[in-house]
Amino acid sequence: MPEGPLVRKFHHLISPFVGQQVVKTGGSSKKLQPAGLQSLWLQDTQVHGKKLFLRFDPDEEMEPPGSSPPPEPPQKEAHKEGAVDPKQDGEPSGQKTLDGSSQSAELNPQGEDESECLEGDAPAGDAGRWLRVSFGLFGSVWVNEFSRAKKANKRGDWRDPSPRLVLYFGGGGFLAFYNCQMSWSSSPVVTPACDILSETFHRGQALEALGQAQPVCYTLLDQRYFSGLGNIIKNEVLYRAGIHPLSLGSVLSAPRREALVDHVVEFSTAWLQGKFQGRPQHTQVYQKDQCPAGHQVMKEAFGPPGGFRRLTWWCPQCQPQLSEEPERRQVS
């Protein structure tokens, strides 16, 4: 599924439509019933981790906006959605994850709580005014144009992707949402302190989580502590920090855990800024055969017992696995 930086780009593209009325709807979603959104006003949009929240109201009265703009505006505004070709963004190009799990499994990453969402046809009264959007593996948002097939499917058909939801606005533009699940919520039930791209990201909470006696590659994907962090970020920051993905967090020294969190924030922020500037994200080990030092990169699927196993790339020489004895700082 799209990771935090890309979902924030989606948020940026949707923001200009805030304050406009939905005059027509379309899409293939059967659970949501797109027609229920017609005549509603888009009043706000927020992004938290890998999820978008859109607020709709039946009238034009605006409440104080709760959305926050991205760190800086893009230098170029495109009509097309912010997601570049999946290959350029490091995403796999097939219809399944590389570890064999289906796209739908990607909609529930470890640690995310789905219980606050209430599915229904339309918001009722003061409740359920927020539409929660959870993207699948190739989820995207397109502005004022539709996604087109880039290659034939397995049957040889050049069939364009079908949007789950299309919103036409009174201002003349439209939004098309692809490969996503949508449900109504009374409010965005989120914890900004766990969002890796939030100004209120709680480093202390993240560091405490990394100290658990479990492989760090499991903890990094736990959205309770690293909301917005996905498989690309996981692989890249572990390489940059020189940490083996199966190293137990409890054996890492405090400075190494600090450095790992630094890499999480720096890599994610750089990816977001690259999105705004139209630059593709360059990875060092994700889906690579060799690391920048020229060493062979290993690849294997790792995951917690009973959880999703995600393909992991690492360099055994640059990221040696630690023993189960805690690291000790050398005293000079």
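Helix 2 and helix 5 are oblique to each other, because their crossing angle falls outside the ranges for roughly parallel (under 35 degrees), roughly antiparallel (over 145) and roughly perpendicular (65 to 115). Their axes, which are lines fitted to C-alpha atoms over the stretch in contact with angles from 0 to 180 degrees between N-to-C directions, come within 10 Å and cross at roughly 125°. The model is predicted: local features need pLDDT of at least 70 and side-chain atom pairs count only at pLDDT 80 or more, whereas totals for chains, interfaces and linings use all residues. Residues are numbered from 1 along each chain as its sequence is written, and side-chain values use heavy atoms, without hydrogens and water.

The contacts (heavy atoms within 4.5 Å) between the two helices are as follows.

| Helix | Residues in contact |
|---|---|
| Helix 2 | R203, A206, L207, L210 |
| Helix 5 | R257, E258, L260, V261, D262 |

In helix 2 (residues 203–210; helices are DSSP runs of H or I with at least four residues), A206, L207, A209 and L210 are buried, that is, under 20% relative accessible area with a 1.4 Å probe, protein chains only. These buried residues fall within an arc of 160° seen down the axis, so they line one face of helix 2. They pack against helix 3 (216–220) as well as helix 5 (254–277).

The largest nonpolar core (buried Ala, Val, Leu, Ile, Met, Phe, Trp, Tyr and Cys joined through side-chain atoms within 4.5 Å) holds 38 residues, of which I196, L220, F226, L229 and L260 touch the most other members. Helix 5 gives the most to this core, with seven residues.

Technical notes:
Buried < 20%, exposed > 50% of the residue type's maximum accessible area, 1.4 Å probe, protein only. Helix = DSSP H or I, 4+ residues; strand = E, 2+ residues; numbered from the N terminus. Arc of directions from axis to C-beta.
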